[in-house]
Amino acid sequence: MLYHILTPFPGTRLYEEMDRQGRIHDHDWSHYDTGHSVIHPQGMTSEELQNGWYWAIRETYKLPHILRRIVRLDPGWKVRLVANYSHFAKFRRYPQPLNPEKYSTPPLLSVK
């Protein structure tokens with residue numbers, strides 16, 4: 001599984017629309033990698049979007065979740081193991097959450 005943050009790349013209609021609406025807050029080209037929030041999303045803050053994305057990846061690539069996905073011992077289990085491990089290794093290089101203590105669980109699933 002791969003997760004991406006909506007990124008309006010310069011030269012696209014999406015970029016022009018979001019720029020016209022004043023929703024692009026980061027013009028640093030190095031952040032246009034679908035792993036950084038460069039926009040002001042509707043209904044949440046940019047920080048919440050970034051941390052929610054990080055939470056989804058962290059949960060997906062925890063070892064127990066990887067093992068659950070590959071446990072079926074059909075001929076494709078080795079491919080699933082390699083694919084999951086490569087995504088896990090890539091995930092380790094992603095930007096870290098902005099305030100990890102606030103997002104140990106996603107806001108919609110928090111229990112008070």
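A polar contact here is a pair of N or O atoms within 3.5 Å; within protein, one must be able to donate a hydrogen and the other to accept it, and residues adjacent in sequence count only if both atoms are side-chain atoms. Keep that in mind for the stop at Ser 46.

Before you start clicking: this is a predicted model, where local features need pLDDT of at least 70 and side-chain atom pairs count only at pLDDT 80 or more, while totals for chains, interfaces and linings use all residues. Residues are numbered from 1 along each chain as its sequence is written, and side-chain values use heavy atoms, with hydrogens and water left out.

**Whole chain**

Show the cartoon first. You should find 4 helices and 0 strands, in the order α-α-α-α along the sequence. Helices (H or I, at least four residues) and strands (E, at least two) are DSSP runs, numbered from the N terminus.

Now colour by pLDDT, the predictor's confidence in each residue, from 0 to 100. The chain averages 80, and 78% of the residues score at least 70. Where is confidence highest and where is it lowest? H1 takes the top spot at 96, and helix H4 (residues 77-91) has the lowest mean, 76. Then select residues 106-112: pLDDT there is below 50, and beyond near neighbours in sequence the stretch has 3 contacts in the model. A contact means heavy atoms within 4.5 Å.

Next, colour by accessibility. Buried means under 20% relative accessible area, exposed over 50%, and partly exposed in between (1.4 Å probe, protein chains only). Of the 112 residues, 30% count as buried. As for how the chain folds back on itself, take the contacts between residues at least 6 apart in sequence: 49% of them join residues at least 24 apart.

**Select Ile 5**

Ile 5 sits in the segment before H1 and is buried, with a relative accessible area of 4%. Measure its C-alpha distance to Thr 34 and you should get 4.8 Å, although the two are 29 residues apart along the chain. Leaving aside neighbours within four places in sequence, Ile 5 touches Thr 34, Gly 35, His 36, Ser 37, Leu 49, Gln 50 and Trp 53.

**Select Ser 46 and helix H2**

Go to Ser 46, in helix H2 (residues 46-60). Is Ser 46 buried or exposed? It is buried, at 14% relative accessible area. The Ser 46 side chain makes a polar contact with the side chain of Ser 37 (2.6 Å), and the backbone oxygen of Ile 39 lies 3.3 Å from a polar atom of the Ser 46 side chain. Leaving aside neighbours within four places in sequence, Ser 46 is in contact with His 25, Ser 37, Ile 39 and Pro 41.

Widen the selection to all of H2. The expected span of a helix is 1.5 Å times one less than its number of residues; for the 15 residues of H2 this gives 21 Å, and the end C-alpha atoms are indeed 21 Å apart. The buried residues of H2 include Gln 50, Trp 53, Tyr 54 and Ile 57.

**Select the aromatic rings**

Rings of Phe, Tyr and Trp (its six-membered ring) pair if their centres lie within 6.5 Å; planes under 30 degrees apart count as stacked, over 60 as edge-to-face and the rest as tilted. The count comes to 3 aromatic pairs. One of them is Phe 9 with Tyr 32, tilted, at 6.4 Å centre to centre and 55° between the planes. This pair links distant parts of the chain: Phe 9 is in the segment before H1 and Tyr 32 in the loop between H1 and H2, 23 residues apart. Phe 9 is partly exposed at 32%, whereas Tyr 32 is buried at 7%. Add Trp 29: its ring centre is 5.6 Å from that of Tyr 32 and the planes are at 20°, so this pair is stacked. Trp 29 itself is exposed, at 55%. Ring pairs join Phe 9, Trp 29 and Tyr 32 into a cluster.

**Select the charged pairs**

A salt bridge is a side-chain nitrogen of Lys or Arg within 4 Å of a carboxyl oxygen of Asp or Glu. How many salt bridges are there? The count is 2.

- Glu 17 and Arg 20: the closest N and O atoms are 2.2 Å apart. The two are 3 residues apart in helix H1 (residues 13-20), so about one helical turn separates them. Glu 17 is partly exposed at 33% and Arg 20 exposed at 62%.
- Lys 62 and Glu 59: N to O is 2.9 Å. Lys 62 is partly exposed at 36%, whereas Glu 59 is buried at 18%.
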